[in-house]
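Hi everyone, thanks for coming. Please have the sequence and the structure open, and we'll walk through a few spots together.

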Amino acid sequence: MAQTADELGIDRYYRSFSAGSTLYYAGAPATELYLIRDGRVRLFKRARGMERSIGVLGPGELVGDEALVPGAHRTSSAQAIEPVTALVIERDTFRALVRERSDIGESVMEQLAVRLRRAEEQIESFMLPDPTIRVVSSLLQASEDGSNGRLELTPLELSTRTALDVDQVKAVVGQLHDRDYLSVADQTITIADPSALRRLHDLLAIKEDVRHELGCR
């Protein structure tokens with residue numbers, strides 16, 4: 001039988017963060033991992049005076065995985081965008097926990113594999129100049145993760161997935177809503193007919209291919 005957090009003696013490692021508070025800053029030594037129990041955390045970077053969100057993580061997800069590598073430093077800053085409760089543990093404590101609970105180690109490995117796949121998909125999406133196809137592509141990818149057409153994605157989350165400004169994302173989502181490709185309510189996007197959205201994606205891809213061919217002549 002799996003042991004509870006109480007039985008493992010790790011309840012004392014849970015910490016709470018108020019909305020807007022910073023978990024850690026980019027460049028700081030990476031000594032702790034954060035396993036989110038409640039709330040969401042935004043990852044962001046600053047460059048040339050500009051701030052860019054690069055990800056939003058929620059319950060059950062791991063934040064600060066750089067700490068798995070000895071001597072590593074934070075590659076981004078992490079901020080609670082709503083009240084957050086997380087298990088905050090140092091690398092050695094995490095390793096001891098994994099020895100007791102192999103399922104936790106497997107879950108972390110699955111998360112890291114999913115992040116790698118998403119990173120590859122984002123790189124492909126970033127190469128597309130049309131904002132609409134970027135958003136459509138990201139929606140289809142999220143839908144394929146087993147959401148049954150219902151996606152709890154905020155404009156900020158879509159912005160990080162597509163490398164578009166939040167206003168650009170809102171404009172594209174509004175256009176897709178007006179054309180009945182999806183509905184939006186309380187930050188939940190519902191894709192009524194994924195096949196129709198896939199057809200739109202394919203048409204936009206053909207348009208991009210034609211534009212590229214004409215530009216090469």
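Let's start with Arg42, which counts as buried because its relative accessibility is 9%, and the cut-off for buried is under 20%. Keep in mind as you look that this is a predicted model.

So where does Arg42 sit? You'll find Arg42 in strand S4, which covers residues 41-47. And which residues does Arg42 touch, if we skip its neighbours within four places in sequence? The list is Glu51, Ser53, Gly55, Val56, Ser77, Ala78, Gln79, Ile81 and Leu156.

Now let's look at the strands beside S4. One partner is strand S5, residues 50-57, and the two run antiparallel, joined by seven bridges. If you'd like to find one of the bridges on screen, go to Val41: its bridge partner in S5 is Leu57. S4 and S5 form a hairpin with two residues between the strands. Click on Arg48 there, and you'll see that Arg48 takes a positive phi near 55°.

S4 also pairs with S7, again in the antiparallel sense, over four bridges. Here, Leu43 is the residue to pick, as it stands opposite Ala78 in S7. You may remember Ala78 from the contacts of Arg42.

Let's stay with S7, residues 77-80, and go to Ala80, which belongs to this strand. Is Ala80 buried or exposed? Ala80 is buried, because its relative accessible area is 1% and the limit is under 20%. Setting aside neighbours within four places in sequence, Ala80 is in contact with Phe17, Ser18, Ala19, Gly20, Ser21, Leu23, Arg40 and Val41. Take Leu23 from that list: Leu23 and Ala80 are 57 residues apart along the chain, yet 7.2 Å separates their C-alpha atoms.

Let's zoom out to the chain. How many helices and strands does its secondary structure come to? The count is seven helices and 11 strands. The chain has 217 residues, and buried ones make up 40% of them. Ala80 is one of the buried residues, and so is Arg42.

What about contacts across the sequence? Take the contacts in the chain with a separation of 6 or more: 69% of them are between residues 24 or more positions apart. Ala80 and Leu23, at 57 residues apart, give you a pair to picture here.

Last, the surface: the accessible surface of the chain comes to about 12,500 Å², and carbon and sulfur atoms account for 51% of that.

That's my tour, thanks for listening!

Conventions. Residues are numbered from 1 along each chain as its sequence is written. This is a predicted model: local features need pLDDT of at least 70, side-chain atom pairs count only at pLDDT 80 or more; totals for chains, interfaces and linings use all residues. Side-chain values use heavy atoms; hydrogens and water are left out. Buried means under 20% relative accessible area, exposed over 50%, partly exposed in between (1.4 Å probe, protein chains only). Contact means heavy atoms within 4.5 Å. Accessible areas come from the Shrake-Rupley method with a 1.4 Å probe; for residues, only the protein chains shown count as cover. Two strands pair if DSSP finds at least two bridges between them.
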